[in-house]
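Biologist: I should like to learn how to read a structural model feature by feature. May we take the strands, helices and side chains in turn?

Modeller: Certainly; let us place the structure before us and begin.

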Amino acid sequence: MSMSELIAPGDVWLVGAGPGDPDLLTRKAEKLIGAASIVFYDALVGPGVLELIPPHVRRVSVGKRSGRHSKTQPAIDALLVAAARAGERVVRLKGGDPSIFGRSTEEIDALTAHGFRVHICPGITAASAAAASARVSLTLRGAARQVRFVTAHARDGEPLDLDWAALSDGSATVAFYMGRGAAADISRQLIANGLDPATSVLIASDVSLPSECLVHTRLDLLDLAIDRAAGAGPALILVGDAMRAQPMAKLLLAVPAAASAVF
């Protein structure tokens with residue numbers, strides 16, 4: 001099968017771009033990028049991933065960042081529908097995995113409503129990549145029997161509307177995506193609902209990139225430690241006993257390009 005035959009004209013692939021490092025793309029994702037005639041990409045897609053787009057392929061930035069939305073979701077849906085209708089071979093690159101806080105359902109619904117086929121190529125989500133960099137496991141026998149993915153993004157001025165009692169389960173690892181601005185609420189609410197203030201926390205930013213920053217702290221110090229998580233991207237906050245810091249020497253050997261700290 002030739003590269004162009006991987007995507008039929010008018011088809012759309014939602015492709016997981018992973019956390020940023022192009023080496024963490026799946027082989028299928030890389031093939032699809034090379035087979036596209038047009039690529040729509042998010043703000044969180046790593047620059048190394050964008051470099052894999054062939055020069056003749058059109059690139060369209062549809063990135064959304066808190067407070068700096070370049071495109072609304074309906075506008076993005078309309079662009080995808082228009083490209084499919086024009087017979088383009090469409091790749092929609094999404095940071096991480098398209099099915100984890102990737103707004104995939106809206107785009108699938110918009111495209112299928114107009115009769116276009118949609119496929120999904122999964123990617124590595126930031127929580128998995130951050131745990132790998134920190135040499136910890138998201139699950140841990142006897143300590144973390146489940147993993148929960150939570151978005152910590154709320155509209156300006158609105159509190160996080162989460163089931164804090166359920167999230168305060170000490171047997172879980174809870175991954176709060178886009179958690180930088182919500183760090184104080186996360187700490188206060190989890191402790192108020194019974195989670196031990198000494199529970200281990202890993203804060204990660206720019207995961208898998210050369211500027212990656214990993215900060216180990218405890219729940220009651222999260223509000224103070226969040227400022228140590230440098231980087232341009234949003235912060236991921238992993239809460240749970242499985243996030244206990246490894247010895248610093250071992251951690252630095254594992255991620256020599258990353259900034260790491262224990263707070």
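Biologist: How many bridges join β10 to strand β12?

Modeller: Please keep in mind throughout that this is a predicted model. Four bridges join β10 to strand β12 (residues 236-239), and the two run antiparallel. One of the residue pairs to look for is I203, whose bridge partner in β12 is I237. β10 also pairs with strand β11 (residues 213-218), again in the antiparallel sense, over six bridges. There, S200 has R218 of β11 as its bridge partner.

Biologist: Is strand β10 buried or exposed?

Modeller: To call a residue buried, one requires a relative accessible area under 20%. Six of the six residues of β10 (residues 200-205) are buried, so the strand is largely enclosed by the rest of the structure. Both of its faces are covered. S200, L202 and A204 are buried on one side, and V201, I203 and S205 are buried on the other.

Biologist: In what order do the five strands of the open sheet lie?

Modeller: An open sheet is read from one edge to the other. Here the order is β3-β2-β6-β1-β7, and the pairing is parallel. The edge strands are β3 (58-61) and β7, each of which pairs on one side only. On average, neighbouring strands of this sheet are turned by 20° against each other, direction ignored. At the β3 end, strand β2 (residues 38-41) pairs with β3 in the parallel sense over four bridges. Within that pairing, V39 stands opposite R59 in β3.

Biologist: Which strands does helix α1 lie across?

Modeller: Helix α1 (residues 27-35) lies across β1, β6 and β7. With respect to β1, the helix runs at about 135°.

Biologist: Which residues of helix α4 are buried?

Modeller: For a helix, one lists the buried residues and then looks down the axis. In α4 (residues 104-113), the buried residues are S104, E107, A110 and L111. Seen down the axis of α4, these residues fall within an arc of 135°, so they line one face of the helix. The face turned away from that buried side carries the exposed residues T105 and A113.

Biologist: What do the buried residues of α4 pack against?

Modeller: They pack against β1 (12-16), α3 (73-85), β6 (90-94) and β7 (118-121). Just after α4, the backbone also deserves a glance, for G115 takes a positive phi of about 85°.

Biologist: Where does I100 lie, and which residues is I100 in contact with, leaving aside its neighbours within four places in sequence?

Modeller: I100 lies in the loop between β6 and α4. Its relative accessible area is 21%, and I100 is therefore partly exposed, since the buried class ends at 20%. Leaving aside neighbours within four places in sequence, I100 is in contact with T125, F149 and Y177. I100 and T125 are 25 residues apart in sequence, while their C-alpha atoms are 7.5 Å apart in space.

Biologist: How does a residue in a strand read by the same approach, and is T173 buried or exposed?

Modeller: T173 lies in strand β9. T173 is buried, with a relative accessible area of 0%. Apart from neighbours within four places in sequence, its contacts are L138, A144, Q146, V147, R148, V239, A242 and M243.

Biologist: How many aromatic pairs does the count come to, and why is the pair of W164 and F176 stacked?

Modeller: The count comes to three aromatic pairs. The rings of W164 and F176 have their centres 6.2 Å apart and their planes at 25°, so this pair is stacked, the limit being under 30 degrees. The pair links distant parts of the chain, twelve residues apart: W164 is in helix α6 (residues 164-167) and F176 in strand β9 (residues 172-177). W164 counts as buried at 7% relative accessibility, and F176 counts as buried at 0%. In addition, F101, F149 and Y177 form one aromatic cluster.

Biologist: How many disulfides does the count come to?

Modeller: A disulfide is a covalent bond between the sulfur atoms of two cysteines. In this model the count comes to zero disulfides. As for accessibility, C121 is buried, with a relative accessible area of 2%, and C213 is buried at 5%.

Definitions and conventions:
Residues are numbered from 1 along each chain as its sequence is written. This is a predicted model: local features need pLDDT of at least 70, side-chain atom pairs count only at pLDDT 80 or more; totals for chains, interfaces and linings use all residues. Side-chain values use heavy atoms; hydrogens and water are left out. Buried means under 20% relative accessible area, exposed over 50%, partly exposed in between (1.4 Å probe, protein chains only). The arc is that of the directions from the helix axis to the C-beta atoms. Contact means heavy atoms within 4.5 Å. Rings of Phe, Tyr and Trp (its six-membered ring) pair if their centres lie within 6.5 Å; planes under 30 degrees apart count as stacked, over 60 as edge-to-face and the rest as tilted. Two strands pair if DSSP finds at least two bridges between them. Axes are lines fitted to C-alpha atoms, for helices over the stretch in contact, and angles run from 0 to 180 degrees between N-to-C directions. A disulfide is a pair of cysteine sulfur atoms within 2.5 Å.
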